[in-house]
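Student: Can you walk me through this one? I'd like to start with polar contacts, then move to the rings and the core.

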Amino acid sequence: MLLVRRAFSTFRMACSRYEYVKQFELDDKILPNTWIVVRVDGKGFHKFATVHSFEKPNDSRALNLMNCAAISVMQEFRDIAIGYGQSDEYSFVFRKSTEIYKRRSAKIMSMVTSLFTSAYVMNWGKFFPEDRLQYAPAFDGRVVVYPSDENLKDYLAWRQADVHVNNLYNTAFWNLVLRDGLSNAEAEARLRGTVASDKNELLFQRFGINYNNLPPMYRKGTVLLRKRVHAEKLDLKRQLIVPQYVDLIRENFWTENWELLDTKGSGGDVFHLKDRDLPDLMKIQISTTREAGN
């Protein structure tokens, strides 16, 4: 017994000797009562998309895989009020009141980014059942803090405006390459100096494409919201994370989804499904919950 006490005392002294290194850790606690946004972004995804033969200019499988990974993150972190994704990036908005990980920036960022990445890999087969994952994808992450509701609205509007600009360009670019046979350099030269109206006219006149009729997920990105889903025809009443393809820039979105800015973090307004077709991203949530319960 005496030997055990001496060994423990020696161990404690050794720990005390080296504990000074903790002084080098930075205090990265985020200011209270501020919106915390974690944005994950694909690293080298141009190469990743090429290697895995993603469809151009948009691949619904790849976009919905991103949505599925984001839903996994929101299921884990209940303090996320809204998720917004487009292309190879996703933004997660934590409520002002969250105390997750004592609001430590590095901890929040690393946990969200690592979970998103692992969920992307784990769900690959659901969306690309015939295509083997050739190598592991990588995502970087960053934390941005917004003090006011207006700052948050402007951030999300900025990300959605980015979708409008990039997707219109990419749609015109890839139609020139894939359907007109232009090289990448020739397509870039053809679009250089054009404005949105020029690209819209090009798509309609040359390819018969009305840009406004393209799937809204391509044009607006995906908004993920917690809603109490009611589907009478399916006898379904439960909270789910609902994908929506809506305009974030106008004030109507915030009026219709009043609960997002609710400091108490309510469970969300009711979302009514009018038909028997449950969206695939909701089916995955239900099946995952059932598997976890077995």
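Tutor: Sure. A polar contact here is a pair of N or O atoms within 3.5 Å; within protein, one must be able to donate a hydrogen and the other to accept it. Keep in mind that this is a predicted model.

Student: OK. Which residue's side chain does Asn67 make a polar contact with?

Tutor: The side chain of Tyr90, at 2.7 Å.

Student: Where is Asn67 found?

Tutor: In helix α3.

Student: Buried or exposed?

Tutor: Asn67 counts as buried, because its relative accessibility is 2% and the cut-off is under 20%.

Student: What else is Asn67 in contact with?

Tutor: Leaving aside neighbours within four places in sequence, Asn67 is in contact with Met217, Thr222, Leu224 and Leu281, as well as Tyr90.

Student: Let's do a charged one. What does the side chain of Lys153 make a polar contact with?

Tutor: The side chain of Glu251, at 2.9 Å. Lys153 is found in helix α6, residues 149-178. Its relative accessibility is 11%, so Lys153 counts as buried. Not counting residues up to four places away in sequence, Lys153 also touches Trp254 and Leu261.

Student: New topic. How many aromatic pairs does the structure hold?

Tutor: There are 24. Take Phe45 and Tyr120. Their ring centres are 6.1 Å apart and their planes are at 75 degrees, so this pair is edge-to-face.

Student: Which parts does that pair tie together?

Tutor: Phe45 lies in helix α2 (residues 45-51) and Tyr120 in helix α4 (residues 105-122), so the pair links parts that are 75 residues apart in sequence. Both Phe45 and Tyr120 are buried.

Student: And why is the pair of Trp124 and Phe128 stacked?

Tutor: The planes of Trp124 and Phe128 are at 15 degrees, with the centres 4.3 Å apart, so the pair is stacked. Under 30 degrees is the cut-off for that. Trp124 is buried, with a relative accessible area of 4%. Phe128 counts as buried too, at 1%.

Student: Which residues form the aromatic cluster?

Tutor: Those four rings belong to one cluster, along with Phe48, Phe54, Tyr90, Phe92, Phe116, Tyr135 and Phe139.

Student: Any charges over rings? Where does the charged end of Lys47 sit?

Tutor: Over the ring of Tyr135, 5.5 Å from its centre. The charged end of Arg159 sits over the ring of Trp158, 4.2 Å from its centre.

Student: On to the core. Which residues of the largest nonpolar core touch the most other members?

Tutor: Phe92, Phe94, Val112, Phe116 and Tyr120, out of 37 residues in that core. Elements supplying at least two residues each include β1, α2, β3, α4 and α11. Helix α3 gives the most, with nine residues.

Student: What does Phe116 touch?

Tutor: Val40, Met66, Ala69, Ala70, Val73, Tyr90, Phe92 and Phe139, not counting residues up to four places away in sequence.

Student: How many residues are in the other core?

Tutor: That core, which lies apart from the largest one, has 16 residues, among them Val37, Tyr84, Tyr155 and Leu156.

Student: Now some loops. Where does Ile30 lie?

Tutor: In the loop between α1 (2-18) and β1. Ile30 is buried, with a relative accessible area of 6%. Its contacts beyond four places in sequence are Ile36, Arg103, Ser105, Ile108, Val143 and Val145. Ile30 and Glu99 are 69 residues apart in sequence and 9.8 Å apart in space, C-alpha to C-alpha.

Student: And Ala136, buried or exposed?

Tutor: Exposed, with a relative accessible area of 58%. Ala136 has its place in the loop between α5 and β4. The C-alpha atoms of Ala136 and Phe48 are separated by 9.2 Å, with the two positions 88 residues apart along the chain.

Student: Zoom out for me. How many helices and strands does the chain have?

Tutor: Eleven helices and seven strands. Of the 294 residues, 41% count as buried. The chain exposes about 17000 Å², and carbon and sulfur atoms supply 52% of that.

Student: And what share of the contacts join residues at least 24 apart?

Tutor: 71%, among contacts between residues at least 6 apart in sequence.

Notes
Residues are numbered from 1 along each chain as its sequence is written. This is a predicted model: local features need pLDDT of at least 70, side-chain atom pairs count only at pLDDT 80 or more; totals for chains, interfaces and linings use all residues. Side-chain values use heavy atoms; hydrogens and water are left out. Helices (H or I, at least four residues) and strands (E, at least two) are DSSP runs, numbered from the N terminus. Buried means under 20% relative accessible area, exposed over 50%, partly exposed in between (1.4 Å probe, protein chains only). Contact means heavy atoms within 4.5 Å. Accessible areas come from the Shrake-Rupley method with a 1.4 Å probe; for residues, only the protein chains shown count as cover. Rings of Phe, Tyr and Trp (its six-membered ring) pair if their centres lie within 6.5 Å; planes under 30 degrees apart count as stacked, over 60 as edge-to-face and the rest as tilted. A charge sits over a ring if NZ of Lys or CZ of Arg is within 6 Å of the ring centre and within 35 degrees of the ring normal. A nonpolar core is a set of buried Ala, Val, Leu, Ile, Met, Phe, Trp, Tyr and Cys residues joined through side-chain atoms within 4.5 Å.
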